[in-house]
Amino acid sequence: SILREPHFPDAEMEEARQSSLLELASLEDDPSQKCFTELKKARFGEVYGRISLGTEEGLVSITLEDCKEFWGQHISPKGAVLSVAGNFKWDELKSLVEKVIGDWSGDPD
């Protein structure tokens, strides 16, 4: 499953970086959004006031190895929640979940 064995395609890293940089730069063209971003940072500080887009410095410097290392250190079943909605058969769902992630173990450091 992608959860346990994620695919980190080398070829898509630069495309994702450029897309994120463009989205970050678009804040400059939207005064109300930029104002909200700055107010959030001023009110909640560096940690809780951060925007989810990141920073230009961070986006430029991050590597594929950084992404893989982060995944390895922080993604584990500890505290994970599986949410299911819709018309499904409980026994079939339970069997599928057990098959795909039933033996997944590990704790983040």
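Colleague: How much area does the protein expose, and what share of it do carbon and sulfur atoms supply?

Modeller: The model is a predicted one, and the values discussed here are computed from it. The protein exposes about 9200 Å². Of this area, the share supplied by carbon and sulfur atoms is 55%.

Colleague: What percentage of the residues of the protein count as buried?

Modeller: A residue counts as buried when its relative accessible area is under 20%. Applied to the 109 residues of the protein, this cut-off gives a buried share of 11%.

Colleague: Which elements make up the protein, and what is its radius of gyration?

Modeller: The protein has five helices and zero strands, and from the N terminus on its elements run α-α-α-α-α. For 109 residues the globule rule gives 13 Å, and the protein lies well over that value, so it is more spread out than a compact globule. Along the principal axes, its C-alpha atoms fill a box of roughly 50 × 30 × 30 Å. The radius of gyration is 19 Å.

Colleague: What span does helix H2 have between its end C-alpha atoms, and where is its kink centred?

Modeller: Helix H2 covers residues 31-48, and a straight helix of 18 residues would span 26 Å at 1.5 Å a residue. Helix H2 spans only 21 Å between its end C-alpha atoms. There is also a kink of about 80° in H2, and the residue on which it is centred is Ala42.

Colleague: Is helix H2 largely in the open or largely buried, and how many of its residues are buried?

Modeller: Helix H2 has 18 residues, and it lies largely in the open because so few of them are buried. The number buried is one.

Colleague: What is the relative accessible area of Thr37, and which residues is Thr37 in contact with beyond its neighbours within four places in sequence?

Modeller: Thr37 is found in helix H2, and its relative accessible area is 9%, so it is buried. A polar atom of the Thr37 side chain lies 2.9 Å from the backbone oxygen of Gln33. Leaving aside neighbours within four places in sequence, the residues in contact with Thr37 are Leu27 and Ile51.

Colleague: Is Ser76 buried or exposed, and what distance separates its C-alpha atom from that of Ser105?

Modeller: Ser76 is found in the loop between helix H4 (64-74) and helix H5 (90-101). Its relative accessibility is 12%, so Ser76 counts as buried. Ser105 is 29 residues apart from Ser76 along the chain, and their C-alpha atoms are separated by 7.0 Å.

Methods
Residues are numbered from 1 along each chain as its sequence is written. This is a predicted model: local features need pLDDT of at least 70, side-chain atom pairs count only at pLDDT 80 or more; totals for chains, interfaces and linings use all residues. Side-chain values use heavy atoms; hydrogens and water are left out. Helices (H or I, at least four residues) and strands (E, at least two) are DSSP runs, numbered from the N terminus. The expected span of a helix is 1.5 Å times one less than its number of residues. The bend at a residue is the angle between axes fitted to the seven residues ending there and the seven starting there. Buried means under 20% relative accessible area, exposed over 50%, partly exposed in between (1.4 Å probe, protein chains only). The radius of gyration is taken over C-alpha atoms; the globule rule is 2.2 Å times the number of residues to the power 0.38. Accessible areas come from the Shrake-Rupley method with a 1.4 Å probe; for residues, only the protein chains shown count as cover. A polar contact is a pair of N or O atoms within 3.5 Å; within protein, one must be able to donate a hydrogen and the other to accept it, and residues adjacent in sequence count only if both atoms are side-chain atoms. Contact means heavy atoms within 4.5 Å.
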